[in-house]
Amino acid sequence: MKKVELKAQLREKLGTRAAKRLRRQGLIPGVIYGRGIEPIHIALKERELEPLLEGGVRFVSVTVGDTTYDAVVQDVQYDYLNERLLHIDLHRVLMTERIRIAVPLVFKGEPKCGPGGGTVEKHLEELEVECLASQAPESIEVDLSDLDVGESLHVGDLSLPEGVEPLMAADVAVVSVVAPEVEEEAEATEEEEEEREPEVVKKPKKEEKEEEEE
């Protein structure tokens, strides 16, 4: 998996006010935690961090002072509009230890039925896996070219890199191809469109004559 190098500075003060001051300076508060270390409160440059997160980077190498930590992006917090980055949590990992991580799925190819012959329904966008940190894939490719209408791919059908094990059951559906919905528009017949006039029932002449005599 792609790993990006970042430089961070230690945060001297904690709390909401201190965090707001950092953001006004273009810095994002964060924390590095994990086995064997006490939580390290840091600040990272927003202009360096945001493009990486938007690009889907999950592994980072963060240098704080004279020490470098390999870490996984564990959690990212945004404001209520989901626009402004507020905080980032980094989970320190050793490249020789097994980790659990969600890997994005990349769907490629077209089903056998062609673009208009069926609708692709994606049930998963990422897959939880376990592997060595050094073997974590950047993404997992899902090939749609062998699928036809009414068929599905399941977790057990995916081709995973060596040493990468899925944490979901093999029969969990990943993607399906279903028949397109056909909207039938009922066409009104001419008889339905025309207004039906009430039928006039004429009385027999004999009855009319009797009524006149009365």
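Q: Buried means under 20% relative accessible area, exposed over 50%, and partly exposed in between (1.4 Å probe, protein chains only). With that settled, which class does Leu90 belong to?
A: This is a predicted model, so to speak of local features pLDDT must be at least 70, side-chain atom pairs count only at pLDDT 80 or more, and totals for chains, interfaces and linings use all residues. Residues are numbered from 1 along each chain as its sequence is written, and side-chain values use heavy atoms, leaving out hydrogens and water. Leu90 has a relative accessibility of 2%, and therefore it counts as buried.

Q: Which strand holds Leu90?
A: Helices (H or I, at least four residues) and strands (E, at least two) are DSSP runs, numbered from the N terminus. There are four helices and 13 strands in the chain. Leu90 has its place in strand S6.

Q: How far is Leu90 from Gly30 in space, C-alpha to C-alpha?
A: Start with the neighbours of Leu90, taking contact as heavy atoms within 4.5 Å. Leaving aside residues up to four places away in sequence, Leu90 touches a set that includes Val31, Ile32, Tyr33, Ile42, Val72 and Gln74. Gly30 lies 60 residues from Leu90 in sequence, yet the two C-alpha atoms are apart by 7.5 Å.

Q: What share of the chain's contacts with a separation of 6 or more comes from residues 24 or more positions apart?
A: Leu90 gives one example of partners set well along the chain, since Val31 and Val62 are both among the residues that Leu90 touches. For the whole chain, counting contacts with a separation of 6 or more, residues 24 or more positions apart account for 65%.

Q: What percentage of the 214 residues in the chain is buried?
A: Leu90 is one of the buried residues, at 2% relative accessibility. Over the 214 residues of the chain, the buried portion is 32%.

Q: Which element gives the most residues to the lining of the largest cavity?
A: On a 1 Å grid over the protein atoms alone, a cavity is a set of points where a 1.4 Å probe fits but cannot get out, a pocket is an open set with protein on both sides within 12 Å along at least five of seven lines, and lining residues have an atom within 4 Å of a point. Leu90 is back here, lining the largest cavity together with Leu6, Leu44, Leu49, Leu52, Leu53, Val60, Val73 and Ile88. S6 and helix H2 (46–54) each supply at least two of these lining residues. The most, three residues, come from H2.

Q: Which helix supplies the largest share of the lining of the largest pocket?
A: Around this pocket you will find Gln9, Leu10, Arg11, Glu12, Lys13, Ala18, Arg21, Leu22, Gln25 and Ala43. The elements giving two or more residues to that lining are strand S1 (3–10) and helix H1 (16–24). The largest share, three residues, belongs to H1.

Q: How wide is the arc covered by the buried residues of H1?
A: In H1 the buried residues are Ala18, Ala19, Leu22 and Arg23. They sit on the same side of H1, because the arc they cover around the axis (taken from the directions from the helix axis to the C-beta atoms) is only 140°.

Q: Which exposed residues does H1 carry on the face turned away from its buried side?
A: The buried side of H1 is covered by elements that include strand S2 (27–34), strand S3 (37–45) and S6. Beyond the helix comes Gly26, with a positive phi near 85°. On the face turned away from the buried side, the exposed residues are Thr16, Arg17 and Arg24.

Q: Between which domains does the second largest pocket lie?
A: This pocket has 14 lining residues, with Gln74, His91, Val93, Ile99 and Arg100 nearest its centre. Strand S5 (67–78), S6 (85–92) and strand S7 (98–108) each bring at least two residues to the lining, and the largest share, five, is from S7. Domain bounds come from an automatic or database domain assignment. Both domains give residues to the lining, so the pocket lies between domain 1 (1–93) and domain 2 (95–181).

Q: What is the separation of the C-alpha atoms of His154 and Ala170?
A: His154 is in strand S11 (residues 152–154) and counts as partly exposed, because its relative accessibility is 28%. Not counting residues up to four places away in sequence, His154 touches Ala170, Asp171, Val172, Ala173 and Val174. His154 and Ala170 are 16 residues apart along the chain, and their C-alpha atoms are separated by 6.4 Å.
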